[in-house]
Amino acid sequence: MVTIKSQQEIELLREGGKLLASVLEQVAQKVTAGTHIKDLDHLAEQLIRESGGEPAFLGYRGDRRTPPYPATLCVSINDEVVHGVGTRENILADGDIVGLDIGMRYPEKNGFFTDMAVTVPVGRVSPTAIRLMKVTRDALNAAIALVRPGAKTIDLSKIIQGTVERAGFSPVRSLTGHGVGYKLHEDPPIFCYYQRGMPETTLQEGMVIAIEPMVCQGSWEVTVDPDHWTIRTADEKLSAHFEHTIAVTKDGHEVLTRI
Ligand code: MF3
Ligand code: CO
């Protein structure tokens, strides 16, 4: 079910979104060769709690058969697409690219959810890695630019796919963006590619959505690690991910997860 948020609720989402963006910026600044990713996860949790929020991913249950997500942050390195578990023992190295994905419920009690992600380089990275990150960010921005009442979710999917494929990369098929706010994941799904017969939702004022292109250098096929969470490319090539939480406003949109 697609939900419509009130002006008051959007005000709280805006406050939470700005705080979350500031948390992620501070975490991203700590990314350097030699960083233990679990230190990033710790910092993220501490900053979220200091902001008066609660980590949205920690303890999240995808389905009943898999263990709850054990971290605050998703840290997805190189061929890891998304949901790289932030509390693993990995240490970042020069030349890596690292996706940092974070969600917060704000305020902590009966609050509202915002969700965002960036991919950042560690030291000097390859020209392909730089282009992959740029194209993924461009795809997100192109989709955001279309958000307004009357636009359709499949228009967002098509522009993401077009931006990505024109650059010779592949959008992930088995994961999507989503409505967000009352829960971390709400309807509608926002696919990163288009296929005939796909569900389509017409955007309306008061909807809040998380758009999140996940882009592979090679094939879009992915696998899940034995930890049940970390998703990586089947061909072990690079992947990048950017995400924002966006409100549909009367005459367009507002990116909520910006400082
Ligand atoms: N931004 C991701 C998503 O919307 C992060 C979810 S991590 C999880 O799926 F643990 F909460 F699943
Ligand atoms: Co999301």
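A pocket, as the word is used here, is an open set of grid points with protein on both sides within 12 Å along at least five of seven lines, and its lining residues have an atom within 4 Å of a point. With that in hand, let's walk through this structure, which is a predicted model.

**The two pockets**

Start with the second largest pocket. It has 18 lining residues, and those nearest its centre are Met116, Val118, Arg137, His244 and Thr257. Three elements, α1 (7-29), β5 (112-121) and α3 (127-146), each put at least two residues into that lining. Strand β5 gives the largest share, 5 residues.

Now for the largest pocket. Its lining takes in 26 residues, with Tyr60, His83, Leu175, His185 and Trp229 closest to the centre. Here β7 (177-179) and β11 (222-224) are elements that each contribute at least two lining residues.

Here are the two pockets side by side:

| Pocket | Volume | Lining by class |
|---|---|---|
| Largest | about 510 Å³ | 12 nonpolar, 9 polar and 5 charged residues |
| Second largest | about 280 Å³ | 10 nonpolar, 4 polar and 4 charged residues |

**The cobalt site**

Which residues coordinate the cobalt ion (ligand 2)? Asp115 (OD), His178 (NE2), Glu212 (OE) and Glu243 (OE) do, at 2.1 to 2.2 Å. Along the sequence, these donor residues follow the spacing D-x62-H-x33-E-x30-E. Two of them show how the site brings distant parts of the chain together: aspartate 115 sits in strand β5, while glutamate 212 is 97 residues away in the loop between β9 (208-211) and β10 (214-216). Aspartate 115 and glutamate 212 are both buried.

As for geometry, the cobalt ion (ligand 2) has 6 donor atoms with angles of 67 to 168° among them, and the site is classed as irregular.

**The nonpolar core**

In soluble globular proteins, nonpolar side chains tend to be buried together. In this model, the largest nonpolar core holds 37 residues, and Val147, Leu156, Leu203, Ile209 and Ile211 are the ones that touch the most other members. At least two residues apiece come from β3 (80-82), α3, α4 (153-166), β9, β10 and β14 (244-249). Helix α3 is the top contributor to this core, with 8 residues. You've met α3 already, since α3 also supplies at least two residues of the second largest pocket's lining.

**Backbone oddities**

Some spots in the backbone are worth a look. Most residues other than glycine have a negative phi, and most peptide bonds are trans.

Which peptide bond into proline 107 is cis? The one from tyrosine 106, where omega is near -10°. Proline 107 falls in the loop between β4 (97-106) and β5. Aspartate 187 and proline 188 are also joined by a cis peptide bond, with omega about -5°. Proline 188 itself belongs to strand β8 (residues 186-190).

Then there are the positive phi values. Asparagine 78 isn't a glycine, yet its phi is near 55°. You'll find asparagine 78 in the loop between β2 (73-77) and β3. Glutamate 236 has a positive phi as well, near 65°, and sits in the loop between β12 (231-233) and β13 (239-241). Is glutamate 236 buried or exposed? Its relative accessible area is 62%, and the cut-off for exposed is over 50%, so glutamate 236 counts as exposed.

**Small residues with little accessible surface**

Glycine 16 is part of helix α1. Its relative accessibility is 1%, and buried means under 20%, so glycine 16 counts as buried. In space, the C-alpha of glycine 16 lies 9.9 Å from that of glycine 103, although 87 residues separate the two along the chain.

Alanine 240, in strand β13, makes a similar case. Relative accessibility is 1% for alanine 240, so this residue is buried too. From C-alpha to C-alpha, alanine 240 and glycine 99 are 6.5 Å apart, with a sequence separation of 141 residues.

Key. Residues numbered from 1 in each chain as written. Chains lettered and ligands numbered in written order. Predicted model: local features only at pLDDT ≥ 70, side-chain atom pairs only at ≥ 80, totals over all residues. Heavy atoms only, no water. 1 Å grid on protein atoms, 1.4 Å probe; cavity = no way out; pocket = protein on both sides within 12 Å on 5 of 7 lines; lining within 4 Å. Points joined across faces, edges and corners; volume = space filled by probe spheres on them. Helix = DSSP H or I, 4+ residues; strand = E, 2+ residues; numbered from the N terminus. Nonpolar A, V, L, I, M, F, W, Y, C, P; charged D, E, K, R; others polar. Donors = N, O, S within 2.8 Å, 3.2 Å for Na, K, Ca; no water. Tetrahedral: all angles 85-135°; square planar, octahedral: opposite > 155°, others 65-115°. Buried < 20%, exposed > 50% of the residue type's maximum accessible area, 1.4 Å probe, protein only. Core = buried A, V, L, I, M, F, W, Y, C linked by side-chain atoms within 4.5 Å.
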